[in-house]
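Here is a short structural report for a reader who works from coordinates. Please keep the viewer open while reading.

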Amino acid sequence: METKIEIKSVKGRVLFEYTTEGNTLAKTVERAIHDEISLHGAYLQGAFLGGANLGKADLEDADLSYANLQKVNLYGANLSKANLSYVNLTDTDLWVANLQGANLREANLWGTDLRGANLQEANLCLAHMFGANFYKADLCNAILCGAFLNDVYLYEADLNNADFKYANL
């Protein structure tokens, strides 16, 4: 049986729809990325996208709060100003991704690869980042208040004006 799934914007406008046998939200999002459809402002709150290939996706201003993005490929994705609060990003590839101004409050970034990522002005308050790799990442003006940074790799990361108040290093 074919199933149609729509991806809507936070304002309720349909951004993309896909119909196929055994369809899932992850398959629909992957198809949109494959077809080079912008998911700018997509409403994906609480979505299960675990293991999906979303490399180079345009998810600027998207609401992905409470989503499961564990082991997702988001290499080079645009997530600037996205709401990623309370999201599970365990073992996710965010290498050279744009997360400028993103809200990652209380996100789980265990083992996440953020090499070369742009996290300028990102909110990482209370985020759990055990073993995350921030090699050459840009964290200028990022807010990491109360964040858990155990075993985090920050070699050559730009930490200018980053706020580590109450962070657990």
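The report below covers the overall fold, the hairpin, the helix, the cysteines and the salt bridges.

## Overall layout

The model is predicted. Its chain has 1 helix and 2 strands. From the N terminus on, the order of elements is β-β-α. The radius of gyration is 16 Å, and the globule rule gives 15 Å for 169 residues. The two values are close, so the chain is as compact as a globular protein of that length.

The C-alpha trace spans about 50 × 25 × 20 Å along its principal axes. Of the 169 residues, 46% are buried. Among contacts with a separation of 6 or more, 6% come from residues 24 or more positions apart.

## The hairpin

Strand β1 covers residues 2-8 and strand β2 covers residues 14-21. The two run antiparallel and are joined by 7 bridges. One of the pairings sets Lys4 against Thr19 in β2. Together β1 and β2 form a hairpin, with 5 residues between them. Gly12 sits in the turn and has a positive phi of about 95 degrees.

Ser9 also belongs to the loop between β1 and β2. Is Ser9 buried or exposed? Its relative accessibility is 9%, so Ser9 counts as buried. Leaving aside residues up to four places away in sequence, Ser9 touches Leu15, Gly41, Ala42 and Tyr43.

## The helix

α1 spans residues 25-34. Its buried residues are Ala26, Thr28, Val29, Ala32 and Ile33. They cover an arc of only 165 degrees around the axis, so they lie on the same side of α1. What lies over them? The cover of these buried residues includes β1 and β2.

After α1 comes Glu36. The phi of Glu36 is positive, near 60 degrees.

## Cysteines

The structure holds 1 disulfide. A disulfide is a covalent bond between the sulfur atoms of two cysteines. Here the partners are Cys125 and Cys145, with their sulfur atoms 2.1 Å apart. The link of Cys125 and Cys145 is right-handed, with 90 degrees about the S-S bond. Both Cys125 and Cys145 lie in the segment after α1, and the pair ties together parts that are 20 residues apart in sequence.

The surroundings of the partners can be read from their accessible areas. Cys125 is buried, at a relative accessible area of 5%. Cys145 is partly exposed, at 23%. Cys140 is in no disulfide. Why does Cys140 have no such bond to Cys125? The nearest cysteine sulfur is that of Cys125, 17 Å away, whereas a disulfide needs the sulfur atoms within 2.5 Å, so the pair does not qualify. Cys140 counts as buried, because its relative accessibility is 14%.

## Salt bridges

How many salt bridges does the model hold? The count comes to 7. Side chains of opposite charge can pair when their charged atoms come close.

In the hairpin, Lys4 forms a salt bridge with Glu17. The closest N and O atoms of this pair are 3.9 Å apart. Lys4 is in strand β1 and Glu17 is in strand β2, 13 residues apart, and the pair links distant parts of the chain. Lys4 is partly exposed, with a relative accessible area of 49%. Glu17 is partly exposed too, with 42%. Both residues belong to a salt-bridge network of Lys4, Glu6, Lys8 and Glu17.

Two other pairs involve later residues. Asp113 forms a salt bridge with Arg115, and the closest N and O atoms are 2.6 Å apart. Asp113 is buried, with a relative accessible area of 15%. Arg115 is partly exposed, with 27%. Glu156 and Lys136 also meet through their side chains, 3.7 Å from N to O. Glu156 and Lys136 both lie in the segment after α1, 20 residues apart, and this pair links distant parts of the chain. Glu156 is partly exposed, at a relative accessible area of 45%. Lys136 is partly exposed as well, at 45%.

How values were computed
Residues are numbered from 1 along each chain as its sequence is written. This is a predicted model: local features need pLDDT of at least 70, side-chain atom pairs count only at pLDDT 80 or more; totals for chains, interfaces and linings use all residues. Side-chain values use heavy atoms; hydrogens and water are left out. Helices (H or I, at least four residues) and strands (E, at least two) are DSSP runs, numbered from the N terminus. Buried means under 20% relative accessible area, exposed over 50%, partly exposed in between (1.4 Å probe, protein chains only). Two strands pair if DSSP finds at least two bridges between them. A salt bridge is a side-chain nitrogen of Lys or Arg within 4 Å of a carboxyl oxygen of Asp or Glu. Contact means heavy atoms within 4.5 Å. The arc is that of the directions from the helix axis to the C-beta atoms. The radius of gyration is taken over C-alpha atoms; the globule rule is 2.2 Å times the number of residues to the power 0.38.
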